[in-house]
Amino acid sequence: MAEDCWDPEQYERFKDERSQPFRDLAALVRPAPGMRVLDLGCGTGELTAWLHAMLQATETVGVDSSGAMISKASGLTLRGLTFAPGDITQWSAPPGSFDLIFSNAALQWVPGHLELVPRLRRALGPGGQLAVQVPVNFDHPSHAVAARIAALPPFAEALGGKPRESSLLAPEEYATLLHRCGFAEQHVRVQVYGHLLGSRSEVVEWVKGTLLNYYRARLPEGLFEAFLERYRAALLEELPDEVPYFYPFKRLLFWGRLPS
Ligand SMILES: C[S@@+](CC[C@H](N)C(=O)[O-])C[C@H]1O[C@@H](n2cnc3c(N)ncnc32)[C@H](O)[C@@H]1O
């Protein structure tokens, strides 16, 4: 999703919860001296900086299509760490440019993973690693209700009558794709992150920082507000009124390493 609806403040409201999968993904990476790292969809760059320091990388580049996110990230200064605006759908680099391509919670916005993974693989050198985390929570009401409301008038017409298509593959399809791309070692898993939120209405605040950006980018402002109200009412009806509210969130993590 290249439209710039990203709000660094809204996204960071659940900073601790959102950083855990990033750290779990980073734990899959095999550190090597002098790594050249690319972080696709780097967001505010804070976690990119953490990764750069943790790996003691020689060079880390964070790329993001949101001007607001990149401008926040560009305030970070660490030797070897840079940020650049860029759209993953258009992105390419000469073969062997990186030792690690990392992407946390961004590739779900990018279509065509069967073509994307081989494209990323070509930018890796010998022993290169690919590490990706994407949310796969589409069957939870937080996501299912949004899809349901989007299919109703007047939103369906404004959204072009097409439901949002998921670009995500099944875990075993990522495993097969990694194998076919020549990743000799791999790790693919789905992990459930349990988040304790103050109440069920905080789920709306959570998705306002991410999933609902898709609808915000496509609906006129007044209509987006109406969408949000319908979504909130329908969602709260489906979620148990428990305090605190336990929000289970499924994520898919995959990692592969090429032969040296
Ligand atoms: C949920 S945030 C994740 C940010 C960061 N990786 C993290 O873990 O905190 C998703 C990021 O992906 C970026 N993004 C979405 N589509 C993109 C695209 N096509 N090209 C580049 N960045 C994209 C958004 O601008 C946003 O900053």
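**Ligand shell, sheet and unusual backbone spots**

Biologist: Which residues come nearest to the ligand?
Modeller: Keep in mind that this is a predicted model. The ligand has 22 residues around it. Those that come nearest are G41, G43, S65, S66 and A106.

Biologist: How do the residues of the shell around the ligand divide into nonpolar, polar and charged?
Modeller: Happy to sort them for you. Three residues of the shell are charged and seven are polar. The remaining group, the nonpolar one, has 12.

Biologist: Which strands stand at the edges of the open sheet of seven strands?
Modeller: The pairing in this sheet is mixed, and the strand order reads β3-β2-β1-β4-β5-β7-β6. Each edge strand has a single partner, so one of its sides has no neighbour in the sheet. On average, neighbouring strands are turned by 15° against each other, direction ignored. The edge strands are β3 (81-85) and β6 (185-197).

Biologist: And what is the bridge partner of L40 in β2?
Modeller: Let's start with the strands themselves. β1 (residues 36-40) and β2 (residues 59-64) run parallel and are joined by five bridges. Within β2, L40 has as its bridge partner V63.

Biologist: Where around the axis of helix α5 do its buried residues lie, on the same side or on opposite sides?
Modeller: The buried residues of α5 (residues 113-122) are L116, V117, L120 and R121. They cover an arc of only 135° around the axis, and therefore they lie on the same side of α5. L114 and E115, on the other side, are exposed. So the answer for the buried residues is the same side.

Biologist: What do the buried residues of α5 pack against?
Modeller: Two of the partners are strands and one is a helix. They are β4 (98-104), β5 (124-135) and α8 (171-180).

Biologist: Which peptide bond is cis in the loop between α11 and β7?
Modeller: Most peptide bonds are trans. The loop between α11 (221-238) and β7 (245-257) holds P244. The bond leading to P244 has an omega of about -5°. That cis bond joins V243 and P244.

Biologist: Is Q56, with its positive phi, buried or exposed?
Modeller: Most residues other than glycine have a negative phi. Q56, in the loop between α3 (46-55) and β2, has a phi near 50°. Because it has 12 C-beta neighbours inside 10 Å, Q56 counts as exposed.

Biologist: And A105, buried or exposed?
Modeller: A105 sits in the loop between β4 and α5, with a positive phi of about 60°. There are 20 other C-beta atoms within 10 Å, so A105 is buried.

Terms used: Residues are numbered from 1 along each chain as its sequence is written. This is a predicted model: local features need pLDDT of at least 70, side-chain atom pairs count only at pLDDT 80 or more; totals for chains, interfaces and linings use all residues. A residue is near a molecule or strand if its C-beta atom, placed from the backbone, lies within 6 Å of it. Ala, Val, Leu, Ile, Met, Phe, Trp, Tyr, Cys and Pro count as nonpolar, Asp, Glu, Lys and Arg as charged, and the others, Gly among them, as polar. Two strands pair if DSSP finds at least two bridges between them. Helices (H or I, at least four residues) and strands (E, at least two) are DSSP runs, numbered from the N terminus. Axes are lines fitted to C-alpha atoms, for helices over the stretch in contact, and angles run from 0 to 180 degrees between N-to-C directions. The arc is that of the directions from the helix axis to the C-beta atoms. Two residues are in contact if their C-beta atoms, placed from the backbone, lie within 7 Å.
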